[in-house]
Amino acid sequence: METATHTAERLTLARLPSGVPVETTLHRYEGARDGPTLYVQAAQHGREVNGTATLRRFHERLDLDALAGTVLAVPIADPLTFDRVSYTTPEPLDSVNPNLNRAWPGDADGTLHERMAATLWEHAGSADAIVDLHTGSPEMLTHVVFREDDPDSRRLAEAFGTDLLLAEQAGEDADEEWSDRGFDGKLRVVASGEGIPAITPELAYNKQIVDDAVEAGVTGLFNVLRELDMLEGEPEPNGDPILARNHLGRVTATGSGLFRPDPDLELGDRITAGTPLGTLYDPTTYEVLQEPVADRDGVLYALTREATVTGGAKLANVALVLD
Ligand SMILES: [Zn+2]
């Protein structure tokens with residue numbers, strides 16, 4: 001029997017051109033009993049604050065004496081995007097990898113984000129499981145993503161919960177678009193490829209702390225600890241999960257204008273191919289430019305609510321339901 005401890009350590013992730021260090025905090029929770037190591041982080045995309053808020057509430061509720069093993073938690077993985085309330089960094093800081101979540105496992109001699117990823121990977125890469133907390137927008141249903149051919153990651157996703165478990169094809173199984181978009185540099189994908197089960201919860205809402213989103217995140221995280229036998233007990237209900245496949249292709253705007261989503265549609269609706277999604281029109285002439293429809297049967301998990309769209313912009317995502 002050891003003594004349970006919590007420490008918080010400052011990590012230097014990289015240096016800015018002026019010499020100012022980019023620092024963050026790593027929390028280390030050592031349980032009283034031996035067990036696996038879970039690495040959890042939030043805010044790779046700095047505006048996704050509900051993951052960060054989740055880790056604070058997790059910290060308040062975790063009973064260290066009940067913990068078996070170690071939890072490593074980084075509430076702000078990318079301080080550069082956090083301070084800018086942004087998704088990516090400005091071009092001068094990293095023009096090659098403006099998105100930290102395309103730069104894993106990083107490179108100590110690489111670009112700024114590759115260096116930051118490499119420092120965090122020293123901790124994440126030695127863990128037994130990884131939870132990478134993200135936050136979607138109000139236009140996106142809360143869900144958890146895992147690699148389709150990875151049963152251990154699927155087990156974590158099922159334990160975490162939410163209303164939608166999204167299997168994402170990876171590597172050679174995936175569409176060309178998957179590699180074109182640099183998805184092989186996501187933390188979850190790299191970890192899974194290294195044999196570390198990993199999930200990406202997408203909690204609801206950017207920029208605002210939304211209590212329901214935080215609560216779903218905390219319940220999910222404790223469920224993962226129970227699944228890994230780091231806490232006693234079984235995972236608690238956390239949503240009513242449907243298993244579906246992430247669909248990279250999406251319904252896009254054929255032109256630019258104003259988009260009015262169909263007011264009868266709600267996120268999470270089961271819809272069929274051909275279901276009307278709304279109306280895109282020219283705001284000057286009132287001419288209807290497009291009446292987009294669902295491209296497949298499935299779960300509507302994203303529907304654009306910001307009306308001003310440009311040609312090629314995403315209007316909706318429909319996930320294919322798996323048995
Ligand atoms: Zn994100």
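**Exercise 1.** Which backbone oxygen does the side chain of His143 reach, and at what distance?

*Solution.* The model is predicted; local features need pLDDT of at least 70, side-chain atom pairs count only at pLDDT 80 or more, and totals for chains, interfaces and linings use all residues. Residues are numbered from 1 along each chain as its sequence is written, and side-chain values use heavy atoms, with hydrogens and water left out.

Step 1. Locate the residue: His143 lies in strand β6, residues 143-147. Strands (E, at least two residues) and helices (H or I, at least four) are DSSP runs, numbered from the N terminus.

Step 2. Find the partner: the side chain of His143 reaches the backbone oxygen of Leu141 at 2.7 Å.

**Exercise 2.** Determine whether His143 is buried or exposed.

*Solution.* Step 1. Recall the cut-offs: buried means under 20% relative accessible area, exposed over 50%, and partly exposed in between (1.4 Å probe, protein chains only).

Step 2. Apply them: His143 has 3% relative accessibility and therefore counts as buried.

Step 3. Place this in context: of the 323 residues of the protein, 54% count as buried.

**Exercise 3.** Describe how strand β2 pairs with strands β1 and β4.

*Solution.* Step 1. Two strands pair if DSSP finds at least two bridges between them.

Step 2. Strands β1 (residues 5-15) and β2 (residues 21-30) pair in the antiparallel sense over 10 bridges, with Glu9 opposite Leu26.

Step 3. Five residues separate β1 and β2 in a hairpin, and Gly19 in the turn has a positive phi of about 100 degrees.

Step 4. β2 also runs antiparallel to β4 (residues 68-74), joined by four bridges; here Glu30 stands opposite Thr70.
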